[in-house]
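Me: Please take a close look at the salt bridges of this protein. I would like to know which side chains take part and where they lie in the fold.

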Amino acid sequence: MTELHTDRLTLRGWRDSDLAPWASMNADPAVREHLGDLLTREQSDASVARFRAEFDLRGYGWWAVEVRATGEFIGFSGLDRVDDDMPFTGVEIGWRLARPAWGQGYATEAARAVLAHGFETLELPEILAVTTAANLRSQAVMRRIGMTRNPADDFDDPTAPEGPLRSNVLYRIRRGPRM
């Protein structure tokens, strides 16, 4: 599996030692605020199994993110195909960090490495990002990495129940000079 490195982070394959901190993240209401229900340990472990299988199948996916200086697991970042039930197609970038890692620029740093990999190595023509309309923190990361939003692309997530998780925004960035 390809590893990505930044000044402060390593994006790498998942280890069994990541399962407990990943499960803790998925059981944290603040981390899951814009994602939906909290996950059980079993659901969380199953997600890592899917991440590993999808990476093996496609050659890209969700990397575990760790702080280089300490080796501490702090979350994930990567690329995934847009779900079939969405009103658009393509490859989506994403990130999720444990609460103690928030506000330190890690999401932006990891996302820039993932974008570079997506454009330079995978030669993707465009990368998308989706979040709830209320998730202003993720939208700020999207703007910092050079993504733009056309409000005409905003949509209601057909898989989300009525409520704050239904209204979503779509950001885009095309391959070319940036950052």
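Reply: The following account begins with the overall fold and then turns to the salt bridges.

The model is a predicted one. The protein contains 4 helices and 9 strands, arranged from the N terminus in the order β-β-α-α-β-β-β-α-β-α-β-β-β. Its radius of gyration is 15 Å, close to the 16 Å that the globule rule gives for 179 residues, so the protein is as compact as a globular protein of that length. The C-alpha atoms occupy a box of roughly 40 × 40 × 35 Å along the principal axes. Of the 179 residues, 47% count as buried. Among contacts between residues at least 6 apart in sequence, 61% join residues at least 24 apart.

As for charge, there are 22 positive and 27 negative side chains, and the centres of these two sets lie 5 Å apart. The structure holds 14 salt bridges, three of which are described here individually.

One of them pairs arginine 15 with glutamate 66, with 3.3 Å between the closest N and O atoms. Arginine 15 is located in the loop between strand S2 (9-12) and helix H1 (19-26), whereas glutamate 66 belongs to strand S3 (residues 62-67), so this pair ties together parts that are 51 residues apart in sequence. The two partners fall into separate accessibility classes: arginine 15, at 41% relative accessibility, counts as partly exposed, while glutamate 66, at 10%, counts as buried, the cut-off for burial being under 20% relative accessible area.

The loop between S2 and H1 also contributes aspartate 16. The side chain of aspartate 16 meets that of arginine 52 in a salt bridge with an N to O distance of 3.2 Å. Arginine 52 lies in helix H2 (residues 41-58), and the pair links distant parts of the chain, 36 residues apart. Aspartate 16 is exposed, at 57% relative accessibility; arginine 52 is partly exposed, with a relative accessible area of 29%.

A further salt bridge joins the side chains of arginine 149 and aspartate 154, at 2.4 Å from N to O. Both partners are partly exposed: arginine 149 has a relative accessibility of 37%, and aspartate 154 one of 24%.

Finally, salt bridges that share partners join Arg12, Arg15, Asp18 and Glu66 into one network. The pair of arginine 15 and glutamate 66 described above thus has both of its residues in that network.

Notes
Residues are numbered from 1 along each chain as its sequence is written. This is a predicted model: local features need pLDDT of at least 70, side-chain atom pairs count only at pLDDT 80 or more; totals for chains, interfaces and linings use all residues. Side-chain values use heavy atoms; hydrogens and water are left out. Helices (H or I, at least four residues) and strands (E, at least two) are DSSP runs, numbered from the N terminus. The radius of gyration is taken over C-alpha atoms; the globule rule is 2.2 Å times the number of residues to the power 0.38. Buried means under 20% relative accessible area, exposed over 50%, partly exposed in between (1.4 Å probe, protein chains only). Contact means heavy atoms within 4.5 Å. Lys and Arg count as positive and Asp and Glu as negative; His and the chain ends are not counted. The place of a charge is taken as NZ of Lys, CZ of Arg, CG of Asp or CD of Glu. A salt bridge is a side-chain nitrogen of Lys or Arg within 4 Å of a carboxyl oxygen of Asp or Glu.
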